[in-house]
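Hello,

Here is the structure I promised to pass on. My notes follow below it.

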Amino acid sequence: MMNILELIPAELIRILIGLVAILVFIALNALILVYVERKVAGFIQRRPGPYEVGPWGILQTLVDAVKLMGKQLFSPTGGDRLLFWAAPLLAFAPLPLLFLSIPVGKNLVAYDANLGLILILAFSGLNVLALCLAGWGSYNKWSLLGAVRSVSQAVAYEIPLLLTVLAVTLMTGTLQLSAIVESQGAWPWQWNWLVQPAGFVIFVICALAETNRAPFDLPEAESELTAGFHTEYSGMGFGLFFLAEYTAMVVVSSMCTILFLGGWKGPGPEILGVVWFFAKVYALVILMMWMRWTFPRVRFDQLLNISWRWLIPLSLFNLLYVALVVKI
Amino acid sequence: MTTQNLAGDFYTQCFLSEQDESGRVILNMGPQHPSTHGVLRVIIEMEGEYISRAEPVIGYLHRMHEKMGEVKTYHQYMPNMGRVDYLHALAWNWAYIGAVEKLCQIEVPRRAEFIRVITCEMNRICSHLVWWGAYLLDLGAFTPIMYAFDDREQALDLLQMITGSRLTYCYYRFGGVRTDIDNQFISGARDFCKLMKSRLPMYKDLVTDNYILRKRCEEIGELPLEMARRYGATGPVLRGSGQKYDVRRAEPYSVYPELDFDIPVFNECDAMARYRVRVAEMEQSVRIIEQALSKLPKGDVMAPKAPKRIKPPKGDVYFAVEGARGKIGVYLASDGSSTPYRLKLRSPSYSNLSLFAELAQGTLLADAVSILGSLDLVIPEIDR
C-alpha cells in the first residue's frame, strides 16, 4: 500500500514537469516553425522572406505574436459566442496531451503510457470538433462550408491512417510508443519504413490531410472559402488555431518518426537520441512545407477519391501483407 | 415571408425571387473575395458543394469611361485608356489611338508601328504572366505567381524606360509613339526574349505537367464553340474552344501581316485548353518581338504632319485590336467638334464574363473558381 502512495506523486511530478516542458516547447516550436515556414517559402519563391526584425528576421514571429495578442477579440453578430470561443480553445487544449506520451529520447518521455498510440490518435481527433464548432459558431457560410469539409476530410483520412498504424502495431505487438521505437534498430535499414514502404507513404499523405496542410488544406482553402473555418477569427482566436496547426505538424511528424523512422534511434551514442529524433521530425516538417509551397490544391471530390478509392484499399492490403509476411 | 427573404440588397432579392426550391444556401462570392480578382460579385446558389445557379453582379468599379470620352477632348482622354484594362493597357491605348487615326487618316511612320508592336506584345506577355500566376493562386499553388512577377518585372523595367510608367501606360500618340526606343531598350528586349524562352519550358515542367493541376483544369468548364459564339467570346477563351480567330490575323492592322507568327488553337474547350492557349501565346509574342526587333526600320517615331489639335471630320469609325483577353474594339462617332459625339468601348472581359453563369451551373465551388480564373477577367474592363 505504501509503495503505491509513494509511486503516484513521483509519476505526477514527472507528468507536471513534462507538461510545463511541453507547453514551453509548443510556444517556442510555433515561433520557430512559423519563421522557418516563411523562410522556406521565401527560398522556394526566390525572395528573402522576413529579414527586417532582428538579425535575419528571427524576431518577426515574436512581433507577430505580440501583434496578435494586442488585437481586439471580435465575435460576429448572430454567432454562437460560446461555441465560437470554445473552438480555438478546444483546438489548442488537447495539444499538450498529445506530446505527453511521445518519447523524444531514451527514457525522455513525460508519461510512458502503454496505450500511448491510442491516446494520441484519440486526442488528435478532437481537432475536428474544434473546426466544426468554429464553422458553426461563426455564423458565416464560408466558415460553415469549411467546417463541413473538415469533417468529411477527417473521417476519410482517419481510416487509412488508423489502418497503417494498425499494421505497425501488428508487427511490434504493442501500443506503447517507446516499445515501438525499441523494436527498431539504429540504422535506417532497420527502421519500419523499409519493411512497410506503402504504409509509410500512406501515413505521410494522411498526415498532410489530417493537419489540413496543402495540398489538402481544403477547410481553409483561401481562394475558394476566403479563409474557411477561421474566417471570422481575429487576434489570439486565430492565433490559437495557428498554434494548433503548427503543433499538429510536429505531432504527426513525431508519430511518423516513431512508427516508421526509428524514433530517437540513430547511429552514435544514445545521448544523441534527442538530436536524432528532432532531426527526423523537422526533416519531415520541412518536407510538408516543401509540398505546401509546390503543389496546387486538390479538389474536394478528388481528395475524397484519393482516400476512399486508393488509400483505404491500399492500407488494407498493407495490413494484409504485414499480417502475412511478418506473422508467418 | 421569412426574414431571409427580406435580407440582402436588390440583386440578392431578385436572385432569391427566382429561386425554385428553397432551403439552398445563397452565397455571396465577392465583391471582396480572394479569387474574384477585384470587385466582381457573384451570387451563388449552392446545393451542398455544387452550384445550382450563379449570377455575376457587376458595376462595382464603374467609372464612366465612355461618358468621359464624350466630355474630354481626344488628347485629354488618352490616359483613360490605360485604366480600362490595367493589365494590357497598351492594347487599349492602341485601340483608341488607332480609331482616331483611322478617322483622321493620320499616317503612322513604320518605325512607330514596329515600336507599337514590340511594346504591345511585351505588355501581352506581362498580362499573361499575371493571369498565369493569379490563376494558379486560385488553384491553391502559391509559388508560381512569385516566379511570374519576377519575369514580368524585367519587362516592366523595359517598358518603364520608354513609357515612363509601369502599369497604366499612356504611350501611343496620334501619329506615332511618345519616345523612340534606344539601343539599351533593344538589347534589354532581346535579353527578355531569351529569358522567356528559358523560362517557359521550366514553367511547363514545373506547373503545366503537374498532375494535380491537370486534374483541376482538364474537362473543367467545357465551353462548346457554339456557346462561345452565342456569347461573343473572343481571345484565348474562344481559341480554347477551337475557333482560330485573332484580330491580328482576321482584321489585320499595323505591321502584323509582315510578321510571321501562329495563332495557337486548342480544341479541348476546357480550362486547360484556355491555359494552353495563353502559354502558347506567350511563346508567339516572344517570336513577334524578336522579329520586330530585327526588322525595326530607321526613321521618325511621330508623323511629321500629325495634327497638334485633333478635330476629326464628321463620321464614325470602328477599330479593333487583339488584347490579351480578346477583341478590344473602339467605336467612335464624331460630329466634327473637338470631342467625340459618342464613344463605345467593346471590352472582351464583358462578353467572357457573361459565359460564367451558364458555365458554372452544376459545377463544384472549387471548379467555379477554376472556371472564373480561366476566363482571365479584368474587372475594370468589364465595368469600364
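Start with helix α5 of chain A, residues 116-124. Its buried residues are Gly116(A), Leu117(A), Ile120(A) and Ser124(A). They span an arc of only 105° around the axis, so they sit on the same side of α5(A). What do they pack against? The partners are α4 (94-100), α6 (126-137), α7 (141-172), α8 (177-182) and α12 (235-260), in chain A. Keep in mind throughout that this is a predicted model.

Now chain B as a whole. It has 17 helices and eight strands. Its radius of gyration is 21 Å, close to the 21 Å that the globule rule gives for 384 residues, so chain B is as compact as a globular protein of that length. Along the principal axes, its C-alpha atoms fill a box of roughly 70 × 50 × 35 Å. Of its 384 residues, 48% count as buried. Sequence separation is worth a look too. Take the contacts in chain B between residues at least 6 apart in sequence: 70% of them join residues at least 24 apart.

Next, the sheet from the N-terminal part of the numbering.

Three strands of chain B make an open sheet, ordered β1-β2-β3, with antiparallel pairing. Its edge strands are β1 (25-29) and β3, each pairing on one side only. On average, neighbouring strands in this sheet are turned by 20° against each other, direction ignored.

The pairings in detail:

- β1(B) and β2(B) are antiparallel and share five bridges. One pair to check is Leu27(B), whose bridge partner in β2(B) is Ile44(B).
- β2 (residues 41-47) and β3 (residues 50-57) of chain B are also antiparallel, joined by seven bridges. Val42(B) has Pro56(B) as its bridge partner in β3(B). Ile43(B) stands opposite Glu55(B). Glu47(B) is bridged to Tyr50(B).
- β2(B) and β3(B) form a hairpin, with two residues between the strands. Gly48(B), in the turn, has a positive phi of about 70°.

How much of β2(B) is buried? Five of its seven residues are, so to speak, under cover: the strand is mostly covered.

The other sheet I looked at is also in chain B.

It is open, has three strands in the order β6-β7-β8, and pairs antiparallel. Here β6 (315-322) and β8 (342-346) are the edge strands, each pairing on one side only. The twist averages 10° from one strand to the next. Five bridges join β7 (residues 327-334) to β8(B), and the two run antiparallel. Within that pairing, Val330(B) has Leu345(B) as its bridge partner in β8(B).

A helix goes with this sheet. Helix α5 of chain B, residues 89-104, lies across β6 and β7 of chain B. It runs at about 145° to β6(B). Do not confuse α5(B) with α5(A): the first covers residues 89-104 of chain B, the second residues 116-124 of chain A.

One residue to zoom in on is Leu129(B), in helix α6 of chain B. Is Leu129(B) buried or exposed? It has 26 C-beta neighbours inside 10 Å, and therefore counts as buried. Set aside the neighbours within four places in sequence, and Leu129(B) is in contact with Ala148(B), Asp151(B) and Arg152(B). Then look at Arg278(B). Leu129(B) and Arg278(B) are 149 residues apart in sequence, yet 9.1 Å apart in space, C-alpha to C-alpha.

Last, the interface. How many residues of chain B are in contact with chain A? There are 26, and they touch 22 residues of chain A. Several elements of chain B each supply at least two residues to that side: β1, α6 (110-138), α7 (144-163), α9 (211-217) and α16 (365-374). Two of these names have come up already. β1(B) is an edge strand of the β1-β2-β3 sheet, and α6(B) is the helix that holds Leu129(B). By class, the side of chain B that touches chain A has 15 nonpolar, five polar and six charged residues.

That is the handover.

Best wishes

How values were computed. Residues are numbered from 1 along each chain as its sequence is written. Chains are lettered from A and ligands numbered from 1 in the order in which they are written. This is a predicted model: local features need pLDDT of at least 70, side-chain atom pairs count only at pLDDT 80 or more; totals for chains, interfaces and linings use all residues. Helices (H or I, at least four residues) and strands (E, at least two) are DSSP runs, numbered from the N terminus. The radius of gyration is taken over C-alpha atoms; the globule rule is 2.2 Å times the number of residues to the power 0.38. A residue is buried if 20 or more other C-beta atoms lie within 10 Å of its own, exposed if 12 or fewer, and partly exposed in between; C-beta atoms are placed from the backbone. Two residues are in contact if their C-beta atoms, placed from the backbone, lie within 7 Å. Two strands pair if DSSP finds at least two bridges between them. Axes are lines fitted to C-alpha atoms, for helices over the stretch in contact, and angles run from 0 to 180 degrees between N-to-C directions. Ala, Val, Leu, Ile, Met, Phe, Trp, Tyr, Cys and Pro count as nonpolar, Asp, Glu, Lys and Arg as charged, and the others, Gly among them, as polar. The arc is that of the directions from the helix axis to the C-beta atoms.
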